[in-house]
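Subject: Structure handover and side-chain contacts

Hello,

Here is the structure I said I would pass on. My notes on its side-chain contacts follow.

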Amino acid sequence: MQTNQSAIEYLDFIGEKLKFLEDYYLKSADETDSQIIQKFIKVYKYIDEGYKSSYITEEDLFKNYGFFYQTIKKFTRKLENKIYYDKTDYEATLEKFERYQIKLIPIYKELILDAQKLQRMDLDTLLDSNMVHHIYTKKELGQFSLQLFDFLNLDTITVPKNVLSELITEIVMNYNVVPYHNFTHAFQLSQLLFSCYMKSDLKKFCNQLEIFSAILAGLGHDLNHKGVNNLYKIKKSKKFNILTSEIAVLENMHCATFFNIIQQNRQHDFFQYMSNDEERNLAKRLIITSILATDMSKHNKLQAKFQKRVECTKQFEQGEKSELIDLQRFSNERLEDRIFILNIMVHACDISNPTMRFNNYMNWSYLLTQEFNDQTIKETKVGVDVTGFLIYKDKPTYYGGQIFFSKTFVFPLWLQIGEMYPDLKYLSEEINKNLEILQQKLKQQ
């Protein structure tokens with residue numbers, strides 16, 4: 001277990017975690033979860049007394065508590081999701097922050113959630129790239145996720161609806177209560193991907209199994225995200241001398257969590273309903289590559305490759321012929337091309353907040369800015385170098401950061417998607433409108 005605390009400090013740390021669980025969650029837990037909390041408390045008292053009476057050595061203490069603490073963390077995540085299942089992620093985060101006495105940055109209070117909540121979700125709303133997601137509960141978003149697949153009319157997909165429903169519920173339960181990288185964000189990615197697919201020739205490019213797998217990847221792409229980025233994970237591992245891969249740390253963890261959900265309960269194993277190993281392998285490959293494509297460190301390479309291939313595709317459509325153009329253009333007859341396009345779309349939808357209308361875009365960016373700021377507080381507590389640019393400073397710095405990110409990363413990618421699929425050009429146009437507003441607001445500061 002990674003810690004630089006003394007044994008007594010560490011015992012007190014675990015005791016505080018259990019006291020918090022007992023004080024705030026015990027009353028809300030059902031009978032089964034209440035019994036688990038009571039068992040945790042008994043185990044803690046046994047190890048605490050054992051160490052203080054020298055029955056348990058310091059080496060055994062950290063070994064046992066390392067395992068015990070991880071068990072508590074997993075249980076707490078599931079319990080939080082059960083308790084907050086009928087609440088929005090926004091409400092859940094506010095409640096959790098109040099309990100943990102986490103300070104809110106000023107702009108967090110500027111969220112505008114005045115949209116009217118629909119009692120029954122319809123196709124038009126799910127097709128809306130400006131859908132307001134934060135007014136819906138986790139439970140409702142899980143139900144809407146199932147509707148995405150209903151509206152796709154995937155007649156070649158034979159996964160029973162109850163299996164898909166239970167899988168989605170379990171996916172919801174494996175997200176954390178954090179400001180931004182929660183299930184609401186995961187649903188937003190998948191909903192926009194659904195919208196892009198339905199509105200453009202993307203539906204002529206990919207087959208049913210492929211879009212099915214890509215949307216599932218979107219729902220699971222940030223599983224167990226704790227509100228910190230890859231750099232934090234790497235810095236923390238180095239501090240505690242833990243050997244770990246420094247490549248796509250989070251994205252690999254999200255993939256592992258997705259497949260662990262399936263492995264731990266056969267009821268969630270949708271692969272068993274596919275016709276053959278070829279289909280199963282394709283679905284697995286698409287899910288893995290799509291989740292890994294959300295790693296921002298790969299953005300520039302993906303963007304450059306995508307732009308070149310879009311250019312060759314346009315040249316081919318305009319009648320230019322050459323072996324190089326034919327090799328580099330996109331063709332729906334090539335499996336690798338279909339996988340690459342869907343990887344690009346999942347990545348683009350993951351960073352799509354600037355494609356929304358301004359107030360909705362700001363809601364998402366406020367939440368992300370809060371999460372970034374929270375990471376810097378965690379970095380200070382852990383004792384690693386603080387990532388300075390993640391600290392919320394003031395409105396001008398915030399606006400400048402949004403302009404930089406949108407101009408450098410988001411706009412060029414969605415511009416090329418609009419070239420590839422003209423029906424989606426409105427998304428890059430919306431980014432331009434938002435950039436103009438941000439520039440005006442920056443000048444007014």
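Phe149, Phe212, Phe258, Phe259, Phe270 and Phe271 are joined by ring pairs into a cluster. Please keep in mind that this is a predicted model. Over the whole structure, the search gives 25 aromatic pairs.

One of these is the pair of Phe20 and Tyr24, which is tilted, with 4.7 Å between the centres and 45° between the planes. Both residues belong to helix H1 (residues 7-25) and are four residues apart, about one turn of the helix. Phe20 is buried, at a relative accessible area of 14%, whereas Tyr24 is partly exposed at 35%.

Back in the cluster, how are the rings of Phe259 and Phe271 arranged? Their planes are at 5° and their centres 6.1 Å apart, so this pair is stacked. The cut-offs behind that word are planes under 30 degrees apart and centres within 6.5 Å. Phe259 is in helix H12 (residues 249-264), and Phe271 is in the loop between H12 and helix H13 (277-292). The two are twelve residues apart, and the pair links distant parts of the chain. Phe271 is buried, with a relative accessible area of 4%. Phe259 has 21% relative accessibility and counts as partly exposed, because buried means under 20%.

Two charged side chains also sit over rings. Lys305 lies over the face of Phe340, 4.6 Å from the ring centre. Arg329 lies over the face of Phe316, and here the distance to the ring centre is 3.8 Å.

Now the salt bridges. There are 19 of them in the structure. I picked out three.

The first on my list is Lys138 with Asp89, where the closest N and O atoms are 2.6 Å apart. Lys138 is in helix H6 (residues 138-152) and Asp89 in helix H4 (residues 89-100). With their positions 49 residues apart in the chain, the pair links distant parts of it. Are these two residues buried or exposed? Lys138 counts as buried at 1% relative accessibility, and Asp89 is buried as well, with a relative accessible area of 2%.

Next comes Lys161 with Asp150, whose closest N and O atoms are 3.1 Å apart. Lys161 lies in helix H7 (residues 161-173) and Asp150 in helix H6, so the salt bridge ties together parts that are eleven residues apart in sequence. Asp150 is partly exposed, with a relative accessible area of 36%.

The last of the three joins the side chains of Asp337 and Arg309, at 2.9 Å from N to O. Asp337 belongs to helix H16 (residues 335-350) and Arg309 to helix H14 (residues 299-317). This pair, too, links distant parts of the chain, with its residues 28 apart. Asp337 counts as buried at 3% relative accessibility, and Arg309 counts as buried at 11%. Which residues make up the network here? Arg309, Arg334 and Asp337 do, through salt bridges that share partners.

If you want places to start looking, try the phenylalanine cluster that includes Phe259 and Phe271, then the salt bridge between Lys138 and Asp89, and then the network of Arg309, Arg334 and Asp337.

Regards

Technical notes:
Residues are numbered from 1 along each chain as its sequence is written. This is a predicted model: local features need pLDDT of at least 70, side-chain atom pairs count only at pLDDT 80 or more; totals for chains, interfaces and linings use all residues. Side-chain values use heavy atoms; hydrogens and water are left out. A salt bridge is a side-chain nitrogen of Lys or Arg within 4 Å of a carboxyl oxygen of Asp or Glu. Buried means under 20% relative accessible area, exposed over 50%, partly exposed in between (1.4 Å probe, protein chains only). Rings of Phe, Tyr and Trp (its six-membered ring) pair if their centres lie within 6.5 Å; planes under 30 degrees apart count as stacked, over 60 as edge-to-face and the rest as tilted. A charge sits over a ring if NZ of Lys or CZ of Arg is within 6 Å of the ring centre and within 35 degrees of the ring normal.
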